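This report looks at how a metal site and a bound ligand are held by the protein, and then at some details of the backbone.

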Amino acid sequence: MTAQRVLARADELSTHSAREDGIERAYLTPEQTRVNAIAAAWMREAGLRSWPDEAANVCGRRHIDDDDRPALLLGSHLDTVPGAGRYDGILGVLVAIEVADRLRDADLPFALEVVAFGDEEGTRFGTTLLGSRALAGGWKDAWLDLSDADGIALRDAATTFGLIPENIGNAARAPGSLVGYLECHIEQGPRLEDLDRALGVVTTIAAAERRVISYRGEARHSATPWELRRDALLGASEGIVAIERIARDRGSPATVGRIRVEPDAVNVIAGFAEFSLDLRDATAAGRDATWGHIRHELHRIAGDKGLDLEVTSTHVAPEAPSAPHLQAAIAAGIAATGDADPIELVSIAGHDAMAIADLTEIGMLFVRCAGGISHHADESVREDDVALAIDALEAAVLHLAAESG
Ligand code: GLV
Ligand code: MN
Ligand code: MN
């Protein structure tokens, strides 16, 4: 029954999008205003006192937790990539609300809170995990000067949204105010499905880094002879192919998902080309070693083609291991649903938990998704798996309560 409600709610949230032909919900947009209000109402229905924090996250705390005891925080995010599915992040928020609903009167040795983060994907302002980093105390006022693709500064978007830009950092929770953070999320990979399991325990979230890489050459007429060309787009193309080769060889997932050229005309050699790089690895050391090889190759290409290379890092995160006792709690939760020997997984995808790891210990529960498909409209989960996820997260909370009670 509650799984049905989760799926119906995910359907409802999917209608709040910046576009008609798919789901797109970025940080500090009118779509976010609408889903935040809906999530707040669902939190209240679940017996939580709900409030928006200074960073546009929606928070909820059980009414019976009317003291300042440290809380166990459950949550995930409501923002999406362009062309998203219905469950990345959203499922974790909805499952957390269901668990809070079930435990609304439970006698727990800690307070229980739910959070719906406003920015995990980082698709709008070039850096990522803004909501969860603010809550974890990592907000930087310099981010107010970041702009989106339309040139709107984060400062102005925040003001339009109803935030006070200078106060966003006040979303920071005090160290010691949380006993831990648990996040339920779709796997975004095919391993659980391949192994015929509904749920898994995350041991570590992979280290990640995002960069903007640009080559500057010279825009010239397409009649220009080869030897006089300094073609930035050719440099970028060679660079992107080299990234795939190096990253594959070294087992570090790498993605170039965005490219922009100037002047962007059919009969003009591109004088400028800029592309993104999203590089991940199970460890920061492995990621950095892979980047060292890539950087070497990007410089070689610049030299060969007479281009200037510039690289800017826009996001860097070390690997985020789950705390052993929270892994054990998630495993106990899964075991309570009938899977006595839960699968352990490394998450290549990034999650709010990475940011929250700076504030408190983290644990994650993965839910099988069809074909491992994510960041796509075809993202899909099974109702029976969602039911198991709610049961498992509830059981994990009760396991922690029994351990610490
Ligand atoms: C978020 O989905 C990420 O892994 O980048
Ligand atoms: Mn996500
Ligand atoms: Mn995502």
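How do the residues of the shell around ligand 1 divide into nonpolar, polar and charged? In this predicted model, the shell comprises one nonpolar, two polar and four charged residues.

## The surroundings of ligand 1

The residues that surround ligand 1 are Glu120, Glu121, Arg210, Arg280, Ala349, Gly350 and His375. Polar contacts to oxygen atoms of the ligand come from side chains as well as from the backbone: a polar side-chain atom of Arg280 lies 2.6 Å from an oxygen atom of ligand 1, a polar backbone atom of Gly350 is 2.6 Å from an oxygen atom of the ligand, and an N or O atom in the side chain of His375 is 3.2 Å from an oxygen atom of the ligand. Of the 190 Å² of accessible area that ligand 1 has on its own, the protein covers 93%.

## The manganese site

Glu121 and His375, which belong to the shell of ligand 1, are also among the donor residues of the manganese ion (ligand 3). The protein donors of this ion are Asp88 (OD), Glu121 (OE), Glu121 (OE) and His375 (NE2), and they lie 2.0 to 2.6 Å from the metal. Along the sequence, the spacing of the donor residues is D-x32-E-x253-H.

Asp88 lies in the loop between strand S3 (71-77) and helix H3 (90-102), while Glu121 lies in the loop between strand S4 (111-117) and helix H4 (130-135), so that the pair ties together parts that are 33 residues apart in sequence. Both Asp88 and Glu121 are buried. Asp88 also bridges the manganese ion (ligand 3) and the manganese ion (ligand 2), with 3.6 Å between the two ions.

The remaining donor residue, His375, is found in the loop between strand S14 (362-367) and helix H11 (383-404). With a relative accessibility of 40%, His375 counts as partly exposed.

## Backbone details

Most residues other than glycine have a negative phi, and most peptide bonds are trans. Against that background, His375 has a positive phi, near 55°, and Gln188, in the loop between strand S5 (178-186) and helix H6 (191-194), likewise has a positive phi, near 65°.

A cis peptide bond, with omega about 5°, joins Glu262 and Pro263. Pro263 lies in the loop between strand S9 (259-262) and strand S10 (272-281).

Conventions
Residues are numbered from 1 along each chain as its sequence is written. Chains are lettered from A and ligands numbered from 1 in the order in which they are written. This is a predicted model: local features need pLDDT of at least 70, side-chain atom pairs count only at pLDDT 80 or more; totals for chains, interfaces and linings use all residues. Side-chain values use heavy atoms; hydrogens and water are left out. Donors are N, O and S atoms within 2.8 Å of the metal (3.2 Å for Na, K and Ca); water is not among the atoms, so sites may look incomplete. Helices (H or I, at least four residues) and strands (E, at least two) are DSSP runs, numbered from the N terminus. Buried means under 20% relative accessible area, exposed over 50%, partly exposed in between (1.4 Å probe, protein chains only). A residue is near a molecule or strand if one of its heavy atoms lies within 4 Å of it. A polar contact is a pair of N or O atoms within 3.5 Å; within protein, one must be able to donate a hydrogen and the other to accept it, and residues adjacent in sequence count only if both atoms are side-chain atoms. Accessible areas come from the Shrake-Rupley method with a 1.4 Å probe; for residues, only the protein chains shown count as cover. Ala, Val, Leu, Ile, Met, Phe, Trp, Tyr, Cys and Pro count as nonpolar, Asp, Glu, Lys and Arg as charged, and the others, Gly among them, as polar.
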